[in-house]
2 protein chains.
Amino acid sequence: MGEFLKVMSYEEAVLRLRKAIASQQAEECTLGESSGRALSGLLYSPEDVPAFDRSTVDGYALRAMDSFGASEALPAFFQCVGSVLMGAGPDFELGSGECAWIPTGGMLPTGSDAALMVEYTEKLGDDTVLAYRPVSPGENVMLTGEDIRCGQVLFPERHVLRPQDIGLLASLGLKTVSVLKPYQVGIISSGDEVIPIESQPQPGQVRDVNSFSLAAAVARLGHNASNYPLVGDEARQLKAMVAKSLQDNDLTLLSGGSSVGIADFTLDVLLSFPDAELLFHGLAVKPGKPTLAVKINDRLIIGLPGHPVSALMMFHVVVQPLLDNSKPYPLFARLLQNIASQPGRDDFVPVSLQEEAGQWSARPLLGKSGLMGILSRADGYIHIGAVEQGLAGGSICRVALF
Amino acid sequence: MGEFLKVMSYEEAVLRLRKAIASQQAEECTLGESSGRALSGLLYSPEDVPAFDRSTVDGYALRAMDSFGASEALPAFFQCVGSVLMGAGPDFELGSGECAWIPTGGMLPTGSDAALMVEYTEKLGDDTVLAYRPVSPGENVMLTGEDIRCGQVLFPERHVLRPQDIGLLASLGLKTVSVLKPYQVGIISSGDEVIPIESQPQPGQVRDVNSFSLAAAVARLGHNASNYPLVGDEARQLKAMVAKSLQDNDLTLLSGGSSVGIADFTLDVLLSFPDAELLFHGLAVKPGKPTLAVKINDRLIIGLPGHPVSALMMFHVVVQPLLDNSKPYPLFARLLQNIASQPGRDDFVPVSLQEEAGQWSARPLLGKSGLMGILSRADGYIHIGAVEQGLAGGSICRVALF
């Protein structure tokens with residue numbers, strides 16, 4: 001009872017995990033299913049965008065030089081020789097002094113190099129157009145390839161596709177795209193005190209929170225979570241469940257059973273698998289000291305604390321970096337009070353955010369360790385590095401959003 | 001050709017849309033399916049959390065007063081009368097001078113009011129424990145209901161459930177939860193120039209981007225998007241497709257056909273439905289002036305610009321406020337250059353963000369209107385209100401993330 005843990009630094013632990021986890025495979029998916037998926041490699045444009053010179057306004061296509069010097073007082077005269085139809089190449093060319101009606105997005109007729117907005121024109125009879133303003137060559141026109149050139153890199157590897165990115169791929173005619181396959185993640189809650197959520201807890205019992213919160217956290221990052229039945233603090237039972245999850249999953253998240261308690265036998269069970277390699281047992285991290293990780297061949301098991309708040313916090317700071325390819329957008333916020341922190345340990349402190357006068361302010365949600373309600377009141381968290389001795393109230397801190 | 005639009009202010013348009021859209025219905029879903037869903041009403045806690053006084057450390061449960069005065073030099077002596085097991089109520093009580101081993105999360109035995117961490121104790125023989133430090137009553141203990149009280153409001157109406165919220169509901173034994181039903185959203189792309197993405201565009205033709213980008217944008221907000229076949233600029237065909245979508249959907253997003261072009265007949269088609277009510281036709285907004293909205297009974301149709309960049313931008317600023325219940329977390333960023341803007345018009349300017357020294361800086365992505373690549377390079381956008389005449393470089397601006 002009470003063997004103290006040899007702890008590893010947070011930074012080193014994340015490095016080891018990144019190295020240990022198997023790479024995500026690639027798979028092809030249709031464009032309609034690609035939202036939120038990460039690209040498996042660089043993506044190049046197969047075409048020029050736009051594919052033809054097009055007007056960006058409703059107005060008249062013309063030769064810019066014919067409009068030079070035009071003004072309200074002295075308009076330039078053009079002969080209107082036709083209309084550009086949407087969706088068709090014009091079947092005429094423009095000569096000197098000629099113009100053609102063109103809608104936004106219409107294809108510029110050969111011979112024209114600019115478009116004049118309809119607001120600066122007036123129609124005189126059937127085929128004469130007065131221009132009250134000059135345009136310069138290329139004005140109100142998007143040239144072929146001006147937006148995107150054929151062969152240009154569109155997105156880097158692992159870029160997570162957003163609606164506008166999918167729109168861009170659609171415009172290029174890409175019906176399918178090669179993306180990273182989601183990880184299969186097994187989730188096992190353990191502990192004699194843990195009961196299914198539909199049961200009424202007897203004295204000393206708690207409901208199984210981690211199966212639900214961890215599965216939701218995994219799914220939110222676009223991976224596939226599978227929940228396994230609850231296991232008690234019994235070695236044979238735990239080993240059988242872990243073996244099952246190892247077979248089916250790239251990553252297994254095991255919660256509970258990793259603290260210095262009576263039932264601390266999880267590590268023995270994990271290390272009893274052939275080829276098991278201990279990555280770490282114990283982290284210099286608050287909350288989440290009893291976190292551990294074991295690699296078994298190309299499969300990874302991360303043991304999270306049993307307490308739901310610590311388990312989810314450690315998911316965010318230890319597991320999420322392995323699973324999340326999307327670009328983080330931390331907020332910078334003014335800290336509303338001092339936070340003390342022990343040097344040599346990475347602290348993760350939940351905060352609630354408030355917006356005032358063009359700035360965010362962050363209130364640390366302190367209080368007894370493990371209040372279930374804290375994370376639900378939190379908008380994000382602050383990371384206080386191991387070299388820091390806390391943060392002063394009034395300073396600007398970086399808040400990672402939940 | 002060229003009838004100018006009577007435009008409505010952005011603010012007024014959003015107000016009218018909010019008033020016009022049907023309320024979301026409520027439905028029951030299981031906790032495992034509730035991630036990202038919005039609550040249909042206030043949610044109250046049915047229980048106290050924790051349900052029993054529990055230790056927050058590994059150590060010994062005892063009466064705090066028996067430890068008063070204990071120190072390294074003069075430890076207090078306790079008789080250890082048992083061990084608390086996880087998941088079971090202790091079957092003994094503690095008297096004066098007695099203690100019991102308790103693991104983190106264990107239930108405090110009757111008679112004890114604090115827990116002393118194992119690190120400050122030493123075991124002497126089988127049943128004597130030395131305490132090298134005093135604890136005060138309640139120290140290292142979480143009291144019944146200290147986290148959450150029975151009857152307390154857990155979340156407000158429309159709160160979008162995150163993993164930690166789902167964990168909280170699991171701890172309370174809530175197997176199902178009442179959430180808002182997603183909207184059914186129909187998406188119709190129109191325009192003679194628009195072709196399916198698998199086709200090779202002929203001169204003047206463009207691929208159907210909006211069906212893909214709008215469907216992804218709707219789905220990302222948790223609603224159900226249905227795409228309808230492309231329609232050309234032909235009144236009967238458009239009316240038939242809109243009629244179909246009206247039947248199946250709460251909201252129809254129609255893109256294309258709403259600009260002052262040759263084929264501007266969309267509005268006539270929409271107003272030809274019985275009970276059609278025009279909400280607005282034309283907005284004082286850039287980009288997206290030709291946006292329109294019509295209410296037909298309890299169904300809403302929003303006509304977005306045909307150009308993909310304007311269509312998606314208007315989705316974000318006009319449609320998203322109707323569909324998104326989640327809390328926005330805008331960033332505040334230093335603007336890297338001036339942005340000019342016309343008073344009397346709301347401008348939405350895409351920006352790319354860069355993090356430097358504890359601050360975000362925002363670079364406006366200007367350039368010709370409608371460059372497809374702009375939104376893909378953008379992290380978010382800035383809203384310049386109708387009363388502003390632009391923003392000065394160096395000023396702090398509010399960036400809504402895409």
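Here is a short chat about a predicted model, covering its chains, one sheet and one pair of helices.

Colleague: Happy to look at this with you! What kind of axis relates chain A and chain B?
Modeller: Chain A can be laid on chain B by a turn of 180° with a shift of 0.0 Å along the axis, leaving an RMSD of 0.1 Å. That relation is a two-fold axis.

Colleague: Nice. Which residue of chain A comes closest to the rotation axis?
Modeller: Going by C-alpha positions, the closest approach from chain A is at 3.1 Å. The same surface serves both copies, as 98% of the contact residues of chain A recur in chain B. The residue you are after is Leu331(A).

Colleague: Now the sheet in chain B: which are its edge strands?
Modeller: Six strands of chain B form an open sheet with mixed pairing, in the order 7-4-6-5-9-8. An edge strand here pairs on one side only, and that picks out strand 7 (114-117) and strand 8 (121-124) of chain B.

Colleague: And which residue stands opposite Tyr60(B) in strand 7 of chain B?
Modeller: Strand 4 of chain B covers residues 59-62 and pairs with strand 7 of chain B in the antiparallel sense, over four bridges. The residue facing Tyr60(B) there is Leu116(B).

Colleague: Last one, on helix 1 and helix 6 of chain A: what is the handedness of their crossing?
Modeller: Their axes come within 10 Å and cross at roughly 30°. Ala13(A) and Leu17(A) are among the helix 1 residues that meet helix 6, where Val318(A) is one of the partners. The contact residues divide into six nonpolar, no polar and one charged. As for the handedness, the crossing is right-handed.

Definitions and conventions: Residues numbered from 1 in each chain as written. Chains lettered and ligands numbered in written order. Predicted model: local features only at pLDDT ≥ 70, side-chain atom pairs only at ≥ 80, totals over all residues. Least-squares fit on C-alpha atoms with pLDDT ≥ 70 in both. Contact = placed C-beta atoms within 7 Å. Pairing = 2+ DSSP bridges. Helix = DSSP H or I, 4+ residues; strand = E, 2+ residues; numbered from the N terminus. Axes fitted to C-alpha atoms, helices over the stretch in contact; angles between N-to-C directions. Left-handed = near helix turned anticlockwise from the far one by under 90°. Nonpolar A, V, L, I, M, F, W, Y, C, P; charged D, E, K, R; others polar.
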